[in-house]
Amino acid sequence: MGKYKFIEERVETMSSSELKIFLNILKSRSKELMSTLESVRGIKDLEAVCKSTQKLNNRVSEFDGGSFLILVVGPVKSGKSTLVNLIAHAHVSPTHFLECTVRPSIISKGQEESITRIFSVADKARKVEQFDSVIDSLRGFEKLENISEISIEKKELNDANLEECVSLALEESVINTDHTLVTSITTSGGELLKDNIFLVDMPGLDGGYANLDNPIYETISQRADFVIFVQSSNSAISKVSNRFLKLLQENNPKVPVCLLHNVFEAAYWHSEEEKQAVIKAQVEFAENEMGRRNFQLKENIYSLNLGKVADAASYEGMEDLQEEAAKFQRFEKDLYGKVISNSTDIRLRSVIGRTLNQLEKLDNLVGESIGQQEAIDIEYQAAATSFDELLRQASELSYDGSDFRKMVQVYMDDDLKEFTEIVREYYDSGCNSAFAGGAKGKDATRSLVTKFMTDSSAAIKSKFLDSHEHSLARQYLRKLSNLKDDVAFIEKMNTFLKQKGCAPFDSVPQVTDFPAVDFDLQGAFDVKNISNPTVPHIGIPNPFGTYSTMEIQSFLRKAMECITGIDHTHTGKTIKGYLQLTVGKSIYKAANDLYDQYVPVRKQSIIDFLEQQKTMYLNALVSDKEEFDRKDALLRSINAQVQSFKDSIR
């Protein structure tokens, strides 16, 4: 109790009346803290603070209950059960060469001899709370029947029921399905079992089925008013026993401790001096180990052969057994004098010690909670600032577009060359059909020329818009999806997101459809759609005559020239055709319109993704900021009261 050592030293020198005054001060300040709980209850993250504050109030109120808890503890087979039976003057704890006490038992004086078995199917943490409530019921703070999620079974006290309730079968199936929380036993009692004296018999510290892994040990270590530590000649203080003493030191540092050394006289051939030397060494070892934990035994060390004491009643004529029984009576009377006659003073000091210990735990818990809050808030604010800065940069992203437009022009020039080749292929095919079919009338001629036009249109359209991966339109769409203007920003953003454990931005919006482009080459015959009047126009006169193959070829060539334009190589002049004047411009405009529509969508997708990651990350840190701030304010208010509490008892 480092923080409260100066108070602890003051308490050591206080008289009983001074102790009561000091306890009343603790009670008053504890009530003030309890009043804060009403505003804290219901906030999940403050449950531990609520429970710790409630424990503080319970600890400071324990003196009012009037009960006195004597804890009997020690290694397996040290003789704890034999001692408990002797103190109770009744068979209340099974004895056996195997480990037999594997469930905690609370023995007290009662008008009828009975066993009350308390069951719980709750999880480990809840069982600890329930066991704590059982102790509170002994202190008078709670009624046993009001403890939630337990069931109670009352039986007559006899050997069969005792074996069933306190011992445990070796079968694993029985062990795994056992739900006994604690057993309460009432009997007529011996000298030490007066009204409001409770004997708590705990399982062996290093037993096979019940040991320090059982959190009930921590609970009972906090609540005991007096501890009888039993060791024997062949079951002395062990590593596990030391762990319990450390637990006792942490939770109940001022509790009086008595050491009872149970003497086993196996080496009967040794001299009496040798036997006593061995006993002395064993006792001194235990005394030193307890002294390391600041438990000063002083006059509270006893050596008894509990086996002889237990057998004395059955062998009245054996002098050494009767001598040992007389020694036990003196031990019982001595312990009674220390416990009963000084119980008020012992309990006052124990209650104050436990209260200060719990106050320190609450102080540490609140301080740690505030520290955690501050760490989370610092991370929250820093992350929010970083996200906001990235969002600002994302909103200011600019897309030049000049590279894309240059690319469109290059792609379109290449596309028009491919289209021209397609038209020429169909021109050749039409000419071949004209040669093969001979002279034709007007309708047949027009049909042949029209077929050339429609077939060329369909082929160009297929080449550009076909769904396969290598269509010309796909090239535009891929280029559009792979803009470079925001690559550096995305890399920077992803580096930050990776540091925060967020998902990276790895999928820009994909453009799947190219805008509609009119590839119907029949428009080449509409003079109104041609801005250059020098472009030749097909005329098919002579509605009653026929056309020779040469004339039909001429019509096809003129149609082709309308579409592809004319290169006058001898003059160096070029007359643009329908492909350049209409189709090319339509593709160029569609591609640039698509760019203008896509860029805001792409930019917004980055902003939306960043906003989403910001929300997810900040929510993972703090799911409800308003509740978080409220919790922080309450913690600081509680901390202020705890510090005021400390100042008032300095």
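**Exercise 1.** In this predicted model, helix α16 (residues 472-481) packs with helix α19 (residues 578-621), their axes lying 10 Å apart at an angle of about 30°. Determine whether α16 is roughly parallel or roughly antiparallel to α19, and state which residues make the contact.

*Solution.* The angle between the two helices is about 30°. Angles under 35 degrees count as roughly parallel, and therefore α16 is roughly parallel to α19. The crossing of α16 and α19 is right-handed. On the α16 side, the contact is made by Y476, L477, L480 and S481; α19 contributes I587, A591, L594, Y595, Y598 and R602. By class, the residues of this contact comprise eight nonpolar, one polar and one charged.

**Exercise 2.** Locate L19, classify this residue as buried or exposed, and identify its contacts beyond four places in sequence.

*Solution.* L19 belongs to helix α2, which spans residues 16-40. The relative accessible area of L19 is 0%. Because buried means under 20%, L19 is buried. Leaving aside neighbours within four places in sequence, L19 is in contact with V11, M14, D345, L348, R349 and I352. One of these partners, I352, is 333 residues away from L19 along the chain, yet their C-alpha atoms are separated by 8.2 Å.

**Exercise 3.** Carry out the corresponding analysis for S369: is this residue buried or exposed, and which residues does S369 contact beyond four places in sequence?

*Solution.* S369 lies in helix α13 (residues 343-395). With a relative accessible area of 12%, S369 is buried. Apart from neighbours within four places in sequence, S369 is in contact with V49 and L635.

Definitions and conventions: Residues are numbered from 1 along each chain as its sequence is written. This is a predicted model: local features need pLDDT of at least 70, side-chain atom pairs count only at pLDDT 80 or more; totals for chains, interfaces and linings use all residues. Side-chain values use heavy atoms; hydrogens and water are left out. Helices (H or I, at least four residues) and strands (E, at least two) are DSSP runs, numbered from the N terminus. Buried means under 20% relative accessible area, exposed over 50%, partly exposed in between (1.4 Å probe, protein chains only). Contact means heavy atoms within 4.5 Å. Axes are lines fitted to C-alpha atoms, for helices over the stretch in contact, and angles run from 0 to 180 degrees between N-to-C directions. Angles under 35 degrees count as roughly parallel, over 145 as roughly antiparallel, 65 to 115 as roughly perpendicular and the rest as oblique. A crossing is left-handed if the near helix is turned anticlockwise from the far one by less than a right angle, and right-handed if clockwise. Ala, Val, Leu, Ile, Met, Phe, Trp, Tyr, Cys and Pro count as nonpolar, Asp, Glu, Lys and Arg as charged, and the others, Gly among them, as polar.
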